[in-house]
Amino acid sequence: MTRKEYMEQLKKYLKRLPKEDYDNAIEYFSEYFDEAGPENEQQVMEELGSPKEAAGELLLNLLQESTEGKDKEDTPAKRKKSSPGKIILLAFLVLCASPVSLALLVAALGVFIAVVVVIAAVIFSMGVTSIATIAGGVVVAGFGSTLILKSAAATCMMVGGGFFIAGAGILIGIFTIYVCKWCTTGIGHLVKRFVRKKVGKDE
């Protein structure tokens, strides 16, 4: 296999990457070949493995960087922590580039979607609860303020209770945001561990 044929096959496995990552990856492999020189091209291909193996290793590195937010000088590019969508895309590409059966891929995808849906439903319900609680507190405080001419004590109690309820709703909202961030990070790490485990077994 020549360098041109190797790079063409490599591009096929990496073409679904975001453009920036794709360009960085191709540049990385091209520079790797250039530094080795034409006389060492076969040795470079032996070191990298097949185009599918080289692509899989690169995608695993990208997935790890995306979930951990690390910068590494020996990788094609320095990257910051990525969005959940990019992490899922990278995980899918890693599985596609590894010798994992289609049935396993579909099963893993089904389980992952189910987990994401359940987590999204819980977070959504917490968000709705937060909004409803804040709205309820505002209504109670507003109603209490209308009683000021009848009873100052009742007004203070109602307004105070309303602020307390609204404050509880705000706390629930803040907690929901933290839960959302925690779940996003957790899903990213779970996907990375699953992919590395499955790819490692099949290798």
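Begin by selecting V44, which lies in helix α3. Helices, written H or I and at least four residues long, and strands, written E and at least two residues long, are DSSP runs numbered from the N terminus. V44 is buried, with a relative accessible area of 3%. The term buried stands for under 20% relative accessible area, exposed for over 50%, and partly exposed for values in between, with a 1.4 Å probe and protein chains only.

The model on the screen is predicted: local features need pLDDT of at least 70 and side-chain atom pairs count only at pLDDT 80 or more, while totals for chains, interfaces and linings use all residues. Residues are numbered from 1 along each chain as its sequence is written, and side-chain values use heavy atoms, with hydrogens and water left out.

**The whole chain**

Please display the protein as a cartoon. How many helices and strands does the secondary structure contain? There are seven helices and zero strands, and along the sequence the pattern reads α-α-α-α-α-α-α. Of the 203 residues of the protein, 35% count as buried.

**From V44 to R3**

Keep V44 selected and add R3. These two residues are 41 residues apart along the chain, and their C-alpha atoms are separated by 9.4 Å. R3 is partly exposed, with a relative accessible area of 22%.

Next, add D34. R3 forms a salt bridge with D34, in which the closest N and O atoms are 2.8 Å apart. This pair links distant parts of the chain, since R3 belongs to helix α1 (residues 3-14) and D34 to helix α2 (residues 19-36), 31 residues apart. A salt bridge is a side-chain nitrogen of Lys or Arg within 4 Å of a carboxyl oxygen of Asp or Glu. In general, side chains of opposite charge can pair when their charged atoms come close.

**The second salt bridge**

The structure holds two salt bridges. For the other pair, select D23 and K19, whose closest N and O atoms are 2.8 Å apart. Because D23 and K19 are four residues apart in helix α2, about one helical turn separates them. How accessible is each partner: buried, partly exposed or exposed? D23 is partly exposed at a relative accessible area of 32%, whereas K19 is exposed at 63%.

**How the helices pack**

Now select α1 and α2 together. Their axes come within 11 Å and cross at roughly 160°. Axes here are lines fitted to C-alpha atoms, for helices over the stretch in contact, and angles run from 0 to 180 degrees between N-to-C directions. The two helices α1 and α2 are therefore roughly antiparallel to each other. Angles under 35 degrees count as roughly parallel, over 145 as roughly antiparallel, 65 to 115 as roughly perpendicular, and the rest as oblique.

Move the selection to α2 and helix α3 (residues 41-48), which pack at an angle of about 135° with their axes 9 Å apart. That makes α2 oblique to α3.

**Towards the later helices**

Select V116, a residue of helix α6 (residues 102-145). V116 counts as partly exposed, at 30% relative accessibility. Add I187: the C-alpha atoms of V116 and I187 are separated by 8.2 Å, although the residues are 71 apart along the chain.

Finally, select I170, found in helix α7 (residues 152-202). At 45% relative accessibility, I170 counts as partly exposed. Which residues make a nonpolar surface patch with I170? L171, I174 and Y178 join I170 in a patch of about 440 Å². Patches are made of residues with over 30% relative accessible area and no salt bridge; like charges are joined within 9 Å and nonpolar side chains (Val, Leu, Ile, Met, Phe, Trp, Tyr) within 5 Å. Accessible areas come from the Shrake-Rupley method with a 1.4 Å probe, and for residues only the protein chains shown count as cover.
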